[in-house]
Amino acid sequence: MYAIVEIAGHQFKIEKDQKVFVNRLSTEEGETVEFDNVLLVGDGDAITVGAPAIDGALVGAKVLRHLKGDKIIVFKKKRRKGYRVKNGHRQALTEIVIESIATSGAKKKAAPKKEEAKKAAPVKEAAPKKSTKGDDLKKVEGIGPKIASTLNEAGINTFAELAKTDAAKISEIIAGVRGNHVTDTWPAQAQMAADGKWDELKVWQDELDGGKPA
């Protein structure tokens, strides 16, 4: 017997006694866990398909250990932007072993009663959200996504705000961002962008290399 089951956001084809690596589960090592989102069960020539899940189907498993996957290197580079970022990532995983596959036995979640739904407290009207949309600071030569995000976290969201910030202060704000960043021209570039002088800014940026004179 085999089954296709969704575990931690991913679908797996599993059989009894099979070991599977899934995204990190909150269950402690040595404990058992059950998955009721079973999409398909096959037993010889008999195949049962859910719509989308099979009512009552259940997969039981035991958590063997928690671990991290192999390191993946992600390198991003933008030509003429002075933007180079290298990051490593290791996915948090959990190794489980499939102990049982049952086509019945899962507990169905009871639907809320109509009377209880009526008695539910009225939903308060949400206060209107303040607009947090700012300017695209990446249009400044030398600013990439990571730096733009760091500036946003520091309260600099618009070209006008960046233009009023001293280059030395900008350097302090982005000190934690990897790379050699020259911020001398950023306030002036931001001022031109704030004034809508895009043609003049484009001509100047063609002469720059990563935010500094070529």
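## A helix pair near the C-terminal end of the numbering

In this predicted model, helix α5 (residues 186–194) and helix α6 (residues 198–205) have axes that come within 8 Å and cross at roughly 150°. Angles over 145 degrees count as roughly antiparallel, and α5 and α6 are therefore roughly antiparallel to each other. The handedness of the crossing between α5 and α6 is left-handed.

Who makes the contact? On the α5 side, A188, Q189, M192 and A193 take part, and on the α6 side the partners are W198, E200, L201, W204 and Q205. Sorted by class, the contact of α5 with α6 has six nonpolar residues, two polar ones and one charged one.

## F159, a buried residue in α3

Let's turn to F159, which sits in helix α3 (residues 159–163). The relative accessible area of F159 is 6%, and buried means under 20%, so F159 is buried.

Which residues surround F159? Setting aside neighbours within four places in sequence, F159 is in contact with D135, D136, L137, K139, V140, A190, A193, A194 and W198. Two of these names will be familiar: A193 and W198 touch F159, and A193 of α5 and W198 of α6 are also part of the contact between those helices. Another link in this part of the model is the pair F159 and W186, which are 27 residues apart in sequence and have C-alpha atoms 9.6 Å apart in space.

## T150, a buried residue in α2

Helix α2 (residues 145–153) is home to T150. With 15% relative accessibility, T150 counts as buried. Beyond its neighbours within four places in sequence, T150 is in contact with I173, I174 and V177.

## Backbone features in three loops

For anyone setting up a calculation on this model, here are some backbone details in the loops. As background, most residues other than glycine have a negative phi, and most peptide bonds are trans.

Where is the cis peptide bond? A51 and P52 are joined by it, with omega about 0°. P52 lies in the loop between β6 (46–49) and β7 (58–68).

Positive phi values turn up at D17 and R80. D17, a residue other than glycine, has a phi near 75°, and D17 belongs to the loop between β2 (10–15) and β3 (19–23). R80 is not a glycine either, and its phi is positive at about 65°; R80 is placed in the loop between β8 (72–78) and β9 (83–89). Are these residues buried or exposed? D17 counts as exposed at 54% relative accessibility, while R80 is partly exposed, with a relative accessible area of 44%.

## The protein as a whole

Stepping back, the protein has six helices and twelve strands. Buried residues make up 32% of the 214 residues. The accessible surface comes to about 14700 Å², and carbon and sulfur atoms account for 49% of that surface.

How much of the contact network links positions far along the chain? Among contacts in the protein with a separation of 6 or more, 59% are between residues 24 or more positions apart. The pair F159 and W186, 27 residues apart in sequence, gives a feel for that kind of separation.

Key: Residues numbered from 1 in each chain as written. Predicted model: local features only at pLDDT ≥ 70, side-chain atom pairs only at ≥ 80, totals over all residues. Heavy atoms only, no water. Axes fitted to C-alpha atoms, helices over the stretch in contact; angles between N-to-C directions. Helix = DSSP H or I, 4+ residues; strand = E, 2+ residues; numbered from the N terminus. Parallel < 35°, antiparallel > 145°, perpendicular 65-115°, else oblique. Left-handed = near helix turned anticlockwise from the far one by under 90°. Contact = heavy atoms within 4.5 Å. Nonpolar A, V, L, I, M, F, W, Y, C, P; charged D, E, K, R; others polar. Buried < 20%, exposed > 50% of the residue type's maximum accessible area, 1.4 Å probe, protein only. Areas by Shrake-Rupley, 256 points an atom, 1.4 Å probe, with all protein chains shown as cover.
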